[in-house]
Amino acid sequence: EKLKGSRGWVENFPKGLERLIQHPDWLSRKCPIPCQDDFKYWDWENVRTKQQIPFSDPETGKKDWNFDLQEVKCKSSHGRDTNVLVVGGYELRKYFEQEIKEKMIHRVPSSPIDSAIDSANGQDDEDETNDNQDAYDWSIRLGASSAEATAFTDLDQEEDIWDFVSALMARSGVIRFQPWIARDVESFIKKASLPLNVDYDSIHVRRGDKLEQESKREVNSFWRARGYGKGTGRKIPRNYIPFSHYVGQGYHKRPCNADGEAHLVYVATDDPKVIKQELTGMKKDDLGFTVMNKCHKFNFIFGPTPKDDTPSHLNSEGGHRNCVDRYNRNIAGIADLLILAKSNLFVGEFNSNWGRLVRVFRMRLNDELLMATEEVEEGDLDDGEQPEGEKRRRAAKTVADPVLTKGLKVAWGNRHPGPLGL
């Protein structure tokens with residue numbers, strides 16, 4: 001493919017997502033895209049859509065899709081036969097939940113009672129050993145050291161397992177932007193009125209279609225708890241959680257600073273115009289800072305906004321057909337992501353994919369977990385007391401938080417995002 005630039009045609013310009021992100025060789029083992037001679041984009045899309053089977057839930061009447069996923073057999077450019085599973089994002093999530101998820105979180109039972117239960121269910125010791133080896137190998141492929149992989153196999157709580165994976169992902173460098181993306185993001189950030197050489201916090205507010213569709217249940221629950229909904233005479237706002245609620249969740253337990261220096265807070269949102277209107281209704285001090293509950297003082301900063309005041313976020317309305325606008329939206333979104341990830345405190349929610357990704361970038365492994373595991377391996381506990389694996393698990397359980405997350409407050413909805421990408 002060629003791309004016309006200011007200095008002429010650029011040969012072999014990356015396609016698809018690779019125009020934004022450098023593809024890590026260790027993910028594909030440097031193998032090319034399979035079957036490029038026989039299948040182009042729309043051929044793959046044809047295969048994907050033919051696998052969809054529409055159905056309606058007999059109890060709720062809700063419409064959804066089932067999938068009859070089939071492997072496509074074809075020859076790659078090097079002449080080797082290749083089997084390809086063709087999925088889109090939705091199908092991939094369904095496939096993960098149905099086929100992969102339980103395999104990832106299964107661990108060797110941590111007590112003789114658990115072992116007896118698994119044995120009664122037809123799981124023998126050989127199966128358990130292989131499952132733990134899979135978990136060990138999985139973490140190694142994500143960049144874990146041997147000690148970290150051992151600690152990972154000793155975790156038996158689902159949330160701890162997903163958090164451990166998130167921390168490995170954050171450290172692995174799996175998301176590395178192309179040089180031109182890094183350059184333009186840096187330029188965008190410099191245009192913001194946020195000084196990056198001082199401490200700052202951040203709030204991410206997602207509205208619009210995300211709240212009306214995917215997060216409808218959580219939004220309804222939020223408003224019902226506040227006296228809205230059927231039988232109250234007060235209609236539930238379908239796509240709206242007040243900005244003041246985000247601020248309250250982030251700061252209600254922090255010491256008052258109304259007489260001191262204002263909290264510097266960057267606001268990332270697809271709805272800047274409405275949030276700015278909300279701020280005009282809040283009390284201000286003599287210097288123009290926002291004051292809430294006579295306790296907290298804020299200096300809210302927004303990213304650069306286009307002249308027509310349309311949001312510059314990825315999913316905002318308009319501009320989808322214009323490549324320049326689309327690129328600018330990508331740059332604005334990535335800039336927001338980096339600013340949110342580096343802030344002292346992040347306030348957001350996990351119904352938003354952006355909020356989940358920010359959380360990943362703010363996670364790291366707890367050294368105490370590794371130290372507990374290593375001490376057992378060095379024989380600090382009495383020999384013959386318990387099998388070594390059991391001693392490690394007991395040591396791991398003494399560490400309250402296997403993964404540490406930099407300052408984060410959940411404004412509403414689920415308190416844990418679950419597996420990455422879902």
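## Aromatic pairs

The structure, a predicted model, holds 11 aromatic pairs. In one of them, the ring centres of Phe96 and Trp162 lie 6.0 Å apart and the planes meet at 55°, so the pair is classed as tilted; an edge-to-face pair would need an angle over 60 degrees. Phe96 belongs to helix H3 (residues 89–105) and Trp162 to helix H7 (residues 158–172), so this contact ties together parts that are 66 residues apart in sequence. Phe96 has a relative accessible area of 16% and is buried. Trp162 is buried as well, with a relative accessible area of 3%.

A second pair joins Phe222 and Trp223, with 5.2 Å from centre to centre and 85° between the planes, an edge-to-face arrangement. Phe222 counts as buried at 8% relative accessibility, and Trp223 counts as buried at 6%.

## An aromatic cluster with arginine contacts

The rings of Phe222 and Trp223 belong to a cluster, linked by ring pairs, that also contains Tyr228 and Tyr240. Arginine side chains are placed over two rings of this group. The charged end of Arg226 sits over the ring of Phe222, at 3.7 Å from its centre. Arg234 lies over the face of Tyr228, and here the distance to the ring centre is 4.1 Å.

## Salt bridges involving helix H7

Across the whole structure, a search finds 12 salt bridges. One of these is formed by Lys101 and Glu158, whose closest N and O atoms are 3.4 Å apart. Lys101 is in helix H3 and Glu158 in helix H7, so the bridge links distant parts of the chain, 57 residues apart. The aromatic pair of Phe96 and Trp162 likewise has its partners in helices H3 and H7. Glu158 counts as partly exposed, at 32% relative accessibility.

Helix H7 also contributes Asp163, which forms a salt bridge with Arg359 of helix H14 (residues 353–361). In this bridge the closest N and O atoms are 3.0 Å apart, and the partners are separated by 196 residues. Asp163 and Arg359 are both buried.

## Further salt bridges

The side chains of Arg207 and Glu278 meet in a salt bridge with an N to O distance of 2.8 Å. Arg207 is placed in the loop between strand S7 (201–205) and helix H9 (209–212), while Glu278 lies in helix H12 (residues 272–280); the two residues are 71 residues apart. Arg207 is buried, and Glu278 is buried too.

Elsewhere, Glu45, Arg48 and Glu91 are joined into one network by salt bridges that share partners.

## The hairpin of strands S5 and S6

In a regular strand, side chains alternate between the two faces of the sheet. Strand S5 (residues 71–75) shows this alternation: Val72 and Cys74 point to one face and are buried, whereas Glu71, Lys73 and Lys75 point to the other face and are not buried.

Strand S5 pairs with strand S6 (residues 81–85) in the antiparallel sense, over five bridges. Within this pairing, Leu85 of S6 is the bridge partner of Glu71. The two strands form a hairpin with five residues between them, and Gly79 in the turn has a positive phi of about 85°.

## The enclosed strand S8

Which residues cover the two faces of strand S8? On one side are His263, Val265, Val267 and Thr269, and on the other are Leu264, Tyr266 and Ala268; all are buried. Seven of the seven residues of S8 (residues 263–269) are therefore buried, and the strand is largely enclosed by the rest of the structure.

Strand S8 has paired strands in S7 and S10. S7 and S8 run parallel and are joined by five bridges; in this pairing, His204 stands opposite Ala268 of S8. S8 and S10 (residues 296–302) also pair in the parallel sense over five bridges, with Val265 standing opposite Phe300 of S10. Strand S7 also borders the loop that holds Arg207, the residue that forms a salt bridge with Glu278.

Methods
Residues numbered from 1 in each chain as written. Predicted model: local features only at pLDDT ≥ 70, side-chain atom pairs only at ≥ 80, totals over all residues. Heavy atoms only, no water. Phe/Tyr/Trp six-rings, centres within 6.5 Å; stacked < 30°, edge-to-face > 60°. Helix = DSSP H or I, 4+ residues; strand = E, 2+ residues; numbered from the N terminus. Buried < 20%, exposed > 50% of the residue type's maximum accessible area, 1.4 Å probe, protein only. Lys NZ or Arg CZ within 6 Å of the ring centre and 35° of its normal. Salt bridge = Lys/Arg side-chain N within 4 Å of Asp/Glu carboxyl O. Pairing = 2+ DSSP bridges.
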